[in-house]
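Subject: Structure handover

Hello,

Here is the structure I promised to pass on. Please open it beside this message and follow along.

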Amino acid sequence: DLAFANDPIKKREFLKYLTMDKSSHKDFYRTNDQRSKLRLTENQQEILTDYMYKDHLDKLIKHHPYLKNISSFPVDMQVFLVDTSFNMGPRWMKDKFKKFEKHLKSWVTRGKKPKEVEGMIREFKDSDHYRRWGHIERSKNSLARLEGLIPEGA
């Protein structure tokens, strides 16, 4: 509602797009003129992005309650978890990264030990996801965030 407070017509069009079957998108939004109905202002984009990040964070914590104090984690870990959850969905650990989650949970609940971060790095690098997308800058940055959590000489 906040994003479309001054534009109820665009809100209606945006909700129509979100709720329609994806196979119908090409029928209703084939031309530039039709797609222009969906163009969001920069402010609307920011509001929706903030909402999506909060929604993903809330769902991440719902599926992984041990992350409830995520704001106390090092910034690199916070960014890694939020960014990865935003891109792969809040259930990414439950669905495809169970060994990674084992190390993360131990890191959170048993003291933030470097060996657990090393386990997370190993599992992340050994994943199908990383094998497929590891060459992409975003994946490299995610891995670097984890690696930055290991103290020098550890």
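Below is what I found, going from one helix to its neighbour and then to a pocket.

One caution before the details: this is a predicted model.

**Helix α4**

Start with α4, which runs over residues 42–63. The helix holds 22 residues. From first C-alpha to last, α4 reaches 31 Å, close to the 32 Å expected at 1.5 Å a residue.

Which residues of α4 are buried? They are Q44, H56 and L60. These three lie on the same side of α4, because they cover an arc of only 130° around the axis. The general rule helps here: an α-helix has 3.6 residues a turn, so residues three or four places apart point the same way.

Now turn to the other side of α4. There D50, Y51, K54 and K62 are exposed.

What covers the buried residues of α4? The cover includes α1 (8–19), α5 (75–88) and α6 (92–96).

**Two residues in helix α5**

Helix α5 is worth a second look. Take S85, which lies in this helix. S85 counts as buried because its relative accessibility is 1%, and the cut-off for buried is under 20%. The side chain of S85 reaches the backbone oxygen of L81 at 2.8 Å. Leaving out residues up to four places away in sequence, S85 touches H56, L60, P90 and W92. Two of these names came up above: H56 and L60 are buried residues of α4.

T84 is found in α5 as well. T84 is also buried, with a relative accessible area of 6%. Which residues does T84 contact, leaving aside neighbours within four places in sequence? They are V79, G89, W92 and S142. Look at S142 in particular. S142 is 58 residues from T84 along the chain, yet their C-alpha atoms are separated by 7.8 Å. W92 is listed for T84 and for S85.

**The largest pocket**

Last, the empty space. The largest pocket holds about 380 Å³. Its lining has 18 residues. Nearest the centre of the pocket lie K96, F97, S127, D128 and H129.

Where does the lining come from? The elements that give two or more residues to it are α6, α7 (98–109) and α9 (128–133). Of the elements, α9 gives the most, with five residues. You have met α6 already: it is part of what covers the buried residues of α4.

Best wishes

Notes:
Residues are numbered from 1 along each chain as its sequence is written. This is a predicted model: local features need pLDDT of at least 70, side-chain atom pairs count only at pLDDT 80 or more; totals for chains, interfaces and linings use all residues. Side-chain values use heavy atoms; hydrogens and water are left out. Helices (H or I, at least four residues) and strands (E, at least two) are DSSP runs, numbered from the N terminus. The expected span of a helix is 1.5 Å times one less than its number of residues. Buried means under 20% relative accessible area, exposed over 50%, partly exposed in between (1.4 Å probe, protein chains only). The arc is that of the directions from the helix axis to the C-beta atoms. Contact means heavy atoms within 4.5 Å. A polar contact is a pair of N or O atoms within 3.5 Å; within protein, one must be able to donate a hydrogen and the other to accept it, and residues adjacent in sequence count only if both atoms are side-chain atoms. On a 1 Å grid over the protein atoms alone, a cavity is a set of points where a 1.4 Å probe fits but cannot get out, and a pocket is an open set with protein on both sides within 12 Å along at least five of seven lines; lining residues have an atom within 4 Å of a point. Grid points are joined across faces, edges and corners, and a volume is the space filled by probe spheres set on the points.
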